[in-house]
Amino acid sequence: QVQLVESGGGLVQAGGSLRLSCAASGGTFSNYPMGWFRQAPGKEREFVAALSWGGGSTYYADSVKGRFAVSRDNPKNTVYLQMNSLKPEDTAIYYCARGGWHQTYSESPSAYNYWGQGTQVTVSS
């Protein structure tokens with residue numbers, strides 16, 4: 001019943017921008033926190049950004065603060081990750097994830113039960 005579908009990844013030069021989208025189904029969208037994670041080859045899945053349920057608060061990893069912005073479009077059941085000033089170290093597969101009903105945001109992948117298929121972001125130097 002719950003599906004998350006990411007899109008918007010691609011190849012971009014360092015300093016460029018991309019906007020990732022995550023279309024969600026399977027519940028009243030605003031009742032769930034949404035997270036963005038990324039995973040590079042040989043590395044653990046890493047927290048990137050999150051929205052609290054209701055969308056009132058945003059959270060970011062130190063590595064992306066000031067460069068990335070997460071937002072939510074409730075009528076479209078879609079969350080976005082705007083990525084600016086991209087760096088080669090941002091290269092990874094990016095995943096969106098949904099937490100539990102009215103759950104407090106978390107930076108831990110284990111707190112999210114539903115995941116999208118991922119979208120590849122490659123930043124060239």
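**Where is the place of His102?**

Solution. His102 sits in the loop between S9 and strand S10 (114-115). Strands here are DSSP runs of E with at least two residues, helices are runs of H or I with at least four, and both are numbered from the N terminus.

This is a predicted model: local features need pLDDT of at least 70, side-chain atom pairs count only at pLDDT 80 or more, and totals for chains, interfaces and linings use all residues. Residues are numbered from 1 along each chain as its sequence is written, and side-chain values use heavy atoms, with hydrogens and water left out.

**Exercise 1. Describe the fold and the overall dimensions.**

Step 1: count the elements. The protein has eleven strands and zero helices. The pattern along the sequence is β-β-β-β-β-β-β-β-β-β-β.

Step 2: test the radius of gyration. It is taken over C-alpha atoms, and the globule rule is 2.2 Å times the number of residues to the power 0.38. For 125 residues the rule puts a compact globule near 14 Å; the protein has 13 Å, which agrees.

Step 3: box the chain. Along the principal axes, the C-alpha atoms fill roughly 40 × 30 × 25 Å.

Step 4: check the contacts, meaning heavy atoms within 4.5 Å. Take those between residues at least 6 apart in sequence: 59% join residues at least 24 apart.

**Exercise 2. Characterise the surface and the charges.**

Step 1: take the accessible area, from the Shrake-Rupley method with a 1.4 Å probe; for residues, only the protein chains shown count as cover. About 6200 Å² is exposed, and carbon and sulfur atoms supply 46% of it.

Step 2: sort residues by relative accessible area. Buried means under 20%, exposed over 50%, and partly exposed in between (1.4 Å probe, protein chains only). Buried residues make up 44% of the 125.

Step 3: place the charges. Lys and Arg count as positive, Asp and Glu as negative; His and the chain ends are not counted. Each charge is placed at NZ of Lys, CZ of Arg, CG of Asp or CD of Glu. There are 10 positive and 8 negative side chains, and the centres of the two sets lie 5 Å apart.

**Exercise 3. Trace the salt bridges around Arg38.**

Step 1: set the criterion. Side chains of opposite charge can pair when their charged atoms come close. A salt bridge needs a side-chain nitrogen of Lys or Arg within 4 Å of a carboxyl oxygen of Asp or Glu. The whole structure holds four salt bridges.

Step 2: pair Arg38 with Glu46. Their closest N and O atoms are 3.0 Å apart. Arg38 is buried at 6% relative accessible area, whereas Glu46 is partly exposed at 33%.

Step 3: pair Arg38 with Asp90. Here the closest N and O atoms are 2.9 Å apart. Asp90 lies in the loop between strand S8 (78-83) and strand S9 (92-98), and Arg38 in strand S4 (residues 34-39), so the pair ties together parts that are 52 residues apart in sequence. Both residues are buried.

Step 4: join the pairs. Shared partners link Arg38, Glu46, Arg67 and Asp90 into one salt-bridge network.

Step 5: add another bridge. Asp62 pairs with Lys65, with closest N and O atoms 3.1 Å apart. Asp62 is exposed, at 64% relative accessible area.

**Exercise 4. Map the surroundings of Val121, Leu18 and Ser21, ignoring residues up to four places away.**

Step 1: Val121. This residue lies in strand S11 (residues 119-124) and is buried, at 0%. Its contacts include Leu18, Met83, Asp90 and Tyr94. Val121 and Arg38 are 83 residues apart in sequence, yet their C-alpha atoms are 9.4 Å apart.

Step 2: Leu18. Strand S3 holds Leu18, which is buried at 15%. Among its contacts are Val12, Leu81, Leu86 and Val121.

Step 3: Ser21. Strand S3 (residues 18-25) also contains Ser21, buried at 16%. Its contacts include Val5, Trp36 and Tyr80.

**Exercise 5. Examine two positive phi values.**

Step 1: Ser85. Phi is near 50°, a positive value in a residue other than glycine. Ser85 lies in the loop between S8 and S9 and is partly exposed, at 42%.

Step 2: His102. Phi is about 55°, again positive although His102 is not a glycine. At 29%, His102 counts as partly exposed.
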